[in-house]
Amino acid sequence: MIIPPDTEDKSFPLHPSAMMDRPHIVYNQCTRKYVAWLKIMGEPPCFAVLEADQILGPYTMVNPRVNPCGMAVGDFDIAVAPEDGKAYLFSERPHVTIYCADLNTEYTDATGMYTEHFPHIAPPASREAPVHFMRNGLHYLVTSGTSGYHPNPSEVPVSELWHGPWRVQGNPHVNDNSRTSFNSQITSVFKHPFKKDLYIALADRWMPNLREKEGPAFDTGEAYEKFAQRFEKIFAPDSDFVFSPEDAKEMFINSSISDYVWLPLRFEGDQVRSERALPFKYEMYQLAGTYAKLAKDAGVEIRTNTAVDRAYAESFAPDALIIAAGSAPLVPPIPGLDGDNVVVVNNYYREEEKVGEDVVVFGGGLAGCECAIHLGQLGKKVHLIEMRQELAPDANVRHRPLLLKEIEKYVTVHTGYKGLEVRDDGILCEIGEGKQVLVPGHSIICALGQRSRTDVVEELRTAAPFVRVIGDAAKVSTITNAVYWGYHAALDI
């Protein structure tokens with residue numbers, strides 16, 4: 001504990017009754033001090049500012065009550081300009097605006113210079129929890145809507161200057177049909193120190209069991225809409241809404257089970273997007289983007305969302321045809337594998353929010369193992385079922401030992417288990433001599449392998465004088481082999 005409470009003086013900002021919240025610590029290069037800003041939620045709300053010579057303290061109170069420029073306070077962030085060491089405070093003025101205030105040289109108070117942005121009449125549209133980061137000289141500010149502890153859609157504006165003007169990009173969370181920012185509220189963003197262009201968002205997950213509580217309405221966004229409408233009634237200027245005990249019960253949370261999640265961020269130009277797939281495979285996604293750019297730079301015409309049959313291919317009268325139609329997920333006719341609690345591993349990035357806190361990954365190949373590790377890193381309870389006695393035999397020989405180490409850390413493994421039936425509460429398995437056991441889990445990831453798209457290959461095989469089949473369309477394998485086969489197919493033309 002680096003900033004202990006003051007349990008004696010009830011008027012002091014560090015007394016437990018003052019409800020300290022969201023501490024931020026920044027280093028002041030000029031004064032060589034670590035400066036801590038604390039949001040004090042007691043009446044009246046304010047910031048408290050402390051200093052220390054070392055990040056672990058001890059901290060001394062230097063400004064017990066700060067209301068920057070006379071403003072109300074709320075969720076906030078502090079950022080330091082890398083070029084001159086000047087510090088800025090971003091804070092919500094609750095239910096109204098977000099303001100940016102210049103801090104003094106010591107970072108202990110505001111100078112009096114501030115600007116206000118994103119005005120709204122009332123929740124849930126009003127913005128809160130601002131999080132600042134910079135990329136390629138641009139300022140980004142991730143903000144949340146206002147709906148109590150219930151998560152809501154995020155919004156990202158971008159600006160060339162600290163004080164704006166800001167251009168709102170919209171919600172960065174791709175394919176988030178729940179409209180809950182993947183059941184999270186971003187609280188910090190930082191650049192990964194060892195990756196070229198990877199940014200990581202740390203987010204509060206106030207209600208880890210929200211999907212289980214709200215059921216199918218969570219996945220469709222209906223549950224959020226219902227909650228948002230309640231907030232509109234509460235805060236509407238002409239509202240006669242009476243806050244009932246039932247409302248209080250509905251909005252109460254057990255914060256002792258609240259958690260954090262990591263959300264990798266990617267970029268399309270200057271547009272920020274929440275990463276849609278496994279974060280530790282980021283370089284592989286970058287590789288796909290690199291190949292796409294190289295192809296465009298070489299003058300290759302790329303047509304997306306285009307189905308290719310024999311007639312379409314022959315319409316070009318091609319001299320050569322390279323078939324790289326890939327593979328499709330293998331989903332055998334096992335009872336229950338078509339259930340609502342099943343997500344095919346290929347579709348995980350589109351259906352992530354369907355996956356609850358206890359998961360069974362059905363299939364211990366490379367894809368199943370990587371997905372199981374990812375789910376374990378998110379804090380979920382993960383069981384992995386594999387009929388064979390070894391995991392990921394299809395993994396790269398150098399990659400596999402590292403993969404198995406991560407499996408040991410995050411996953412409960414069941415090898416020699418043959419899946420017989422998928423149920424609402426897990427997978428019924430056979431483990432030799434007819435003995436059956438249930439591997440528990442309310443969410444199932446189907447990772448039973450891939451099958452080459454032979455139907456596409458057979459239709460196109462004679463559609464040109466020169467034809468080569470590469471990648472998974474020829475044989476389900478790895479990205480390394482796919483690149484190798486593609487390179488040599490081009491050399492053979």
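Me: Exposed means over 50% relative accessible area. This is a predicted model, and I'm new to it. What makes E301 count as exposed?

Reply: E301 has 60% relative accessibility. The cut-off is over 50%, so E301 counts as exposed.

Me: And R303: why is this one called partly exposed?

Reply: Its relative accessible area is 47%. Buried would take under 20%, exposed over 50%, and partly exposed lies in between. R303, at 47%, therefore gets the middle label.

Me: How do you know that E301 and R303 form a salt bridge?

Reply: Check the gap between N and O: it is 2.7 Å for E301 and R303. A salt bridge needs the Lys or Arg nitrogen within 4 Å of the carboxyl oxygen, so the pair passes.

Me: What joins D21, R22, K39 and D75 into one network?

Reply: Shared partners do it: salt bridges with partners in common link D21, R22, K39 and D75. Over the whole structure, a search turns up 22 salt bridges.

Me: What makes D75 and R22 a salt bridge?

Reply: Their closest N and O atoms are 3.1 Å apart, and the limit is 4 Å, so the name fits. The two come from distant parts of the chain, 53 residues apart: R22 is in strand β1, while D75 is in the loop between β4 and β5. Both residues are buried.

Me: And K39 with D75, how do you know that they form a salt bridge?

Reply: Again, look at the closest N and O atoms, here 2.7 Å apart. Within 4 Å is enough, so K39 and D75 count too. This pair also spans distant parts of the chain, with K39 in strand β2, 36 residues from D75 in its loop. K39 is buried, as is D75.

Me: Now the strands. What makes β23 and β24 a pair?

Reply: They share 5 bridges in the antiparallel sense. Pairing takes at least two bridges, so β23 and β24 qualify. V422 stands opposite I427 in β24, and 2 residues sit between the strands of this hairpin.

Me: How do you know that β24 pairs with β25?

Reply: There are 5 bridges between β24 and β25, running antiparallel; at least two are needed, so they pair as well. One example is G426, whose bridge partner in β25 is P440. This hairpin has 5 residues between its strands, and G432 takes a positive phi near 90°.

Me: Why is β24 called mostly covered?

Reply: Of its 5 residues, 4 are buried.

Me: On to the surface. Why is D338 called exposed?

Reply: D338 has a relative accessible area of 71%, and the bar is over 50%, so exposed is the right word. D338 lies in the loop between β18 and β19.

Me: Which residues make up the patch of negative charge?

Reply: D338, D340, D424 and D425 gather there. Asp counts as negative, so that explains the sign.

Me: What makes I479 partly exposed?

Reply: Its relative accessible area is 41%, which falls between 20% and 50%, so I479 is partly exposed. This residue is in helix α10. Together with M284, L287, Y291, L294 and V483, I479 makes a nonpolar surface patch of about 480 Å².

Me: Which helix gives the largest share of the nonpolar patch?

Reply: α5 does, with 4 residues. α5 and α10 each supply at least two.

Methods. Residues are numbered from 1 along each chain as its sequence is written. This is a predicted model: local features need pLDDT of at least 70, side-chain atom pairs count only at pLDDT 80 or more; totals for chains, interfaces and linings use all residues. Side-chain values use heavy atoms; hydrogens and water are left out. A salt bridge is a side-chain nitrogen of Lys or Arg within 4 Å of a carboxyl oxygen of Asp or Glu. Buried means under 20% relative accessible area, exposed over 50%, partly exposed in between (1.4 Å probe, protein chains only). Patches are made of residues with over 30% relative accessible area and no salt bridge: like charges are joined within 9 Å, nonpolar side chains (Val, Leu, Ile, Met, Phe, Trp, Tyr) within 5 Å. Accessible areas come from the Shrake-Rupley method with a 1.4 Å probe; for residues, only the protein chains shown count as cover. The place of a charge is taken as NZ of Lys, CZ of Arg, CG of Asp or CD of Glu.
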